[in-house]
Amino acid sequence: MPVLRSAILANRAVQHNKRSLKQVLGELPLAAEMYWQLRQGGGPPLKSFSLHRIQKWLPTIRAQAEAAVHQDIHGREHPSKRIVIFTTLRYWIEHAVVMGLALAGQGHQVTLLYLPFPQWKRPYSLFDQRRLNAYARKTLAGAGPLLHTISLLDLPQAAQEQLPPALVKMIEEVSLRDAQYTLQVEQVETDGDLPSADLYYLRLERNLLAARAFTHWVQSLQQQRPEVLLTPNGSILEMGAIYQAANHLGIPTVTYEFGEQRGRIWLAQQSEVMLQETGALWAAWKDTPLSEAQWQQIRALYASRQNASLWENFARLWQGQPSQGGAQVRQALGLDQRPVAVLPANVIGDSLTLGRQVFSENMTEWLQRTVQSFVNKEQVQLVVRIHPGERYTTGPSVAEVVRNVLPELPPHIHLVQAGDPINTYDLIEIADLGLVYTTTVGMEMCMSGVPVIAAGKTHYRGKGFTLDPGTWDQYFHMVEQFLDDPQAHRLSRPQVEQAWHYAYRFFFDYPCPFPWHLLDYWKELETWPMSRVLSAEGQALYGSTFQYLIGEPRKAEPMAEQEIPLGAESPEDPFEAA
């Protein structure tokens, strides 16, 4: 043990000396740049920050965008806008170049602001920052002059920029969310000598750097300031900090993300896209009945989710076990004929749960108090379904949260682990009541006629088919009321149809058509090259999305109806899908 401890201490000393040396070299003029150019041949300075994909595509897509500008194929139906895109991390930067050139090819003045950092959760010495900056600057220069690219590290006066206290407070909240998201926890200690505190202050330093640099840059432009800011996500990391800074400066914002559907993008104007605010969309379409083809689409999608199979452009498969039926799941869990309340949990620290509290402090508190409230309710059975997505995460499990308050589960409370061979839709079949935070399973329970109490700010809350308490008292009263007579509180047929209608709008109309998904843009560029996207054909499909992307109002147009894949089974009546 003494030998091992000595080795660990010696290794730490070596690493400290390396960091100190890098910091000294980073302060020497041109030292980092010369090292990168002479010793690393001008290539990626770190393996985790290679821009080789965009470097390969840049000459082609830039030339095609330039050709579109010269041909004026759009007839300048819409005025040119001054657009700034901000992002960081290698994959977002590469994708932003493609998006920026597409917007420039439509006649807009586009600037890409970026921070050339490979990771959000580790610090970089000044020596590494300068090497990364030199490499990114050289690579992205190939997008000019059509796309203007600027590294925030090239704005030296930014560090002296004083931010208003209100903005600093918002950035502190973003930094806390960063730590929650990274560690996949909801309780983060920001004081003391703890890894969570180190991570929080790293994120705060980086986020403040980004906000100061952006504010300095915008103020230096005077009358030529951006007319719209585009940034991914808008809730976390430097993108969240820049989003908050843009709001403070009065610059219109658009945030974007990519979900499980290929060929689709999520967009939000003046909002964080991960909030999934569907109010305006639902208001526009809730009174328009679905066509028979649209009913077939949503039935087929539900059937594929139920049977653990992929469907059309949906690329995520959360269920690991096809549906076996309600009788089988009752037998597997040892459930009797007493009423069943099903609580499908979200992944702790997921971006779809952070900041979504209504009356609880967070999802963890809601989960703990809910489970505790069922201890003496032996007339009912509670099934806590851990999200199957926990199989792919590294943070603490919901199981730990439950065990912390109930080390020994009473016989009427059951815990279904993430990897257990239990299909969530079989649990829906036997459920008498659903208790949810923000999971989409709550909406799908309503589609099966199960009454659902939504405790968090989920996108389907307040859409006419869920119970939406605003206080703890209201929440527990609703639970007691429904468990007293479960069958009397099943959803009505109009409510179930409303849930199906909303589900269609959420899955098929909320995402906008877009040619290049973040994960596969370099492959999709082969099917949808820049020239095709900017052609009359491409603009007929994607033109309205690009307009929405730059801040124009969204047109109330439904997504084009898709064909049902051969062999897909869909019930004739939505009630039969359960």
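Glutamine 184 sits in the loop between helix 6 and helix 7. In this predicted model, glutamine 184 has a positive phi of about 55° although it is not a glycine. Glutamine 184 is also buried, because its relative accessible area of 15% falls under the 20% cut-off.

Another glutamine turns up at the far end of helix 7. Glutamine 222 lies in the loop between helix 7 and strand 4 (228-232), and glutamine 222 too has a positive phi of about 55° without being a glycine. Its surroundings are another matter: glutamine 222 counts as exposed, with a relative accessibility of 60%.

**Helix pairs**

Let us turn to how some of the helices pack, beginning with the pair that flanks glutamine 184.

| Helix pair | Angle | Distance between axes |
|---|---|---|
| Helix 6 (residues 165-183) and helix 7 (residues 195-221) | about 135° | 8 Å |
| Helix 3 (residues 52-71) and helix 4 (residues 90-105) | about 10° | 8 Å |
| Helix 12 (residues 363-373) and helix 13 (residues 398-405) | about 50° | 9 Å |

With helix 6 and helix 7 packing at about 135°, helix 6 is oblique to helix 7. The crossing of helix 6 past helix 7 is right-handed. On the helix 6 side, the residues making this contact are Ile171, Glu172, Val174, Ser175, Leu176, Asp178, Ala179, Thr182 and Leu183. Helix 7 contributes Ser196, Leu199, Tyr200, Arg203, Leu204, Asn207, Leu208 and Ala211. By class, the contact of helix 6 with helix 7 comprises 10 nonpolar, 4 polar and 3 charged residues.

Helix 3 and helix 4 pack at about 10°, so helix 3 is roughly parallel to helix 4. Here helix 3 brings His52, Arg53, Ile54, Leu58, Ile61, Arg62, Ala65, Ala68 and Val69 to the contact, while helix 4 supplies Arg90, Glu94, Val97, Val98, Leu101, Ala104 and Gly105. The contact of helix 3 with helix 4 is made up of 10 nonpolar, 2 polar and 4 charged residues.

At about 50° between helix 12 and helix 13, helix 12 is oblique to helix 13. Helix 12 passes helix 13 in a right-handed crossing. Thr364, Leu367, Gln368, Val371 and Gln372 of helix 12 meet Val398, Val401, Val402 and Val405 of helix 13. There are 6 nonpolar, 3 polar and no charged residues in the contact of helix 12 with helix 13.

**Three buried residues**

Helix 4 is also home to histidine 95, which is buried at a relative accessible area of 1%. Leaving out residues up to four places away in sequence, histidine 95 touches Phe258, Phe514, Trp516, His517, Leu518 and Tyr521. One of these partners shows how far the chain returns: histidine 95 and histidine 517 are 422 residues apart in sequence, yet 8.6 Å apart in space, C-alpha to C-alpha.

Threonine 87 belongs to strand 1 (residues 82-88) and is buried, with a relative accessible area of 0%. Beyond residues up to four places away in sequence, threonine 87 touches Trp92, Ile93, Ala96, Leu112, Leu113, Tyr114, Leu115, Pro232 and Met239.

Glutamine 381 is part of strand 8 (residues 381-385), and at 1% relative accessibility glutamine 381 counts as buried. Apart from neighbours within four places in sequence, glutamine 381 is in contact with Gly334, Leu335, Asp336, Gln337, Arg338, Pro339, Val340, Ala341, His412 and His414. From glutamine 381 to glutamine 337 there are 44 residues in sequence and 9.1 Å in space, C-alpha to C-alpha.

**A cis peptide bond**

One backbone detail deserves a look if you plan to work with the coordinates. The peptide bond from glycine 144 to proline 145 is cis, with omega near 0°. Proline 145 lies in the loop between helix 5 (126-140) and strand 3 (147-151).

**The whole protein**

Stepping back, the protein contains 20 helices and 12 strands. Of its 578 residues, 55% count as buried. Among contacts in the protein with a separation of 6 or more, 76% come from residues 24 or more positions apart. The accessible surface of the protein is about 25200 Å², and carbon and sulfur atoms account for 51% of that surface.

Notes:
Residues are numbered from 1 along each chain as its sequence is written. This is a predicted model: local features need pLDDT of at least 70, side-chain atom pairs count only at pLDDT 80 or more; totals for chains, interfaces and linings use all residues. Side-chain values use heavy atoms; hydrogens and water are left out. Axes are lines fitted to C-alpha atoms, for helices over the stretch in contact, and angles run from 0 to 180 degrees between N-to-C directions. Helices (H or I, at least four residues) and strands (E, at least two) are DSSP runs, numbered from the N terminus. Angles under 35 degrees count as roughly parallel, over 145 as roughly antiparallel, 65 to 115 as roughly perpendicular and the rest as oblique. A crossing is left-handed if the near helix is turned anticlockwise from the far one by less than a right angle, and right-handed if clockwise. Contact means heavy atoms within 4.5 Å. Ala, Val, Leu, Ile, Met, Phe, Trp, Tyr, Cys and Pro count as nonpolar, Asp, Glu, Lys and Arg as charged, and the others, Gly among them, as polar. Buried means under 20% relative accessible area, exposed over 50%, partly exposed in between (1.4 Å probe, protein chains only). Accessible areas come from the Shrake-Rupley method with a 1.4 Å probe; for residues, only the protein chains shown count as cover.
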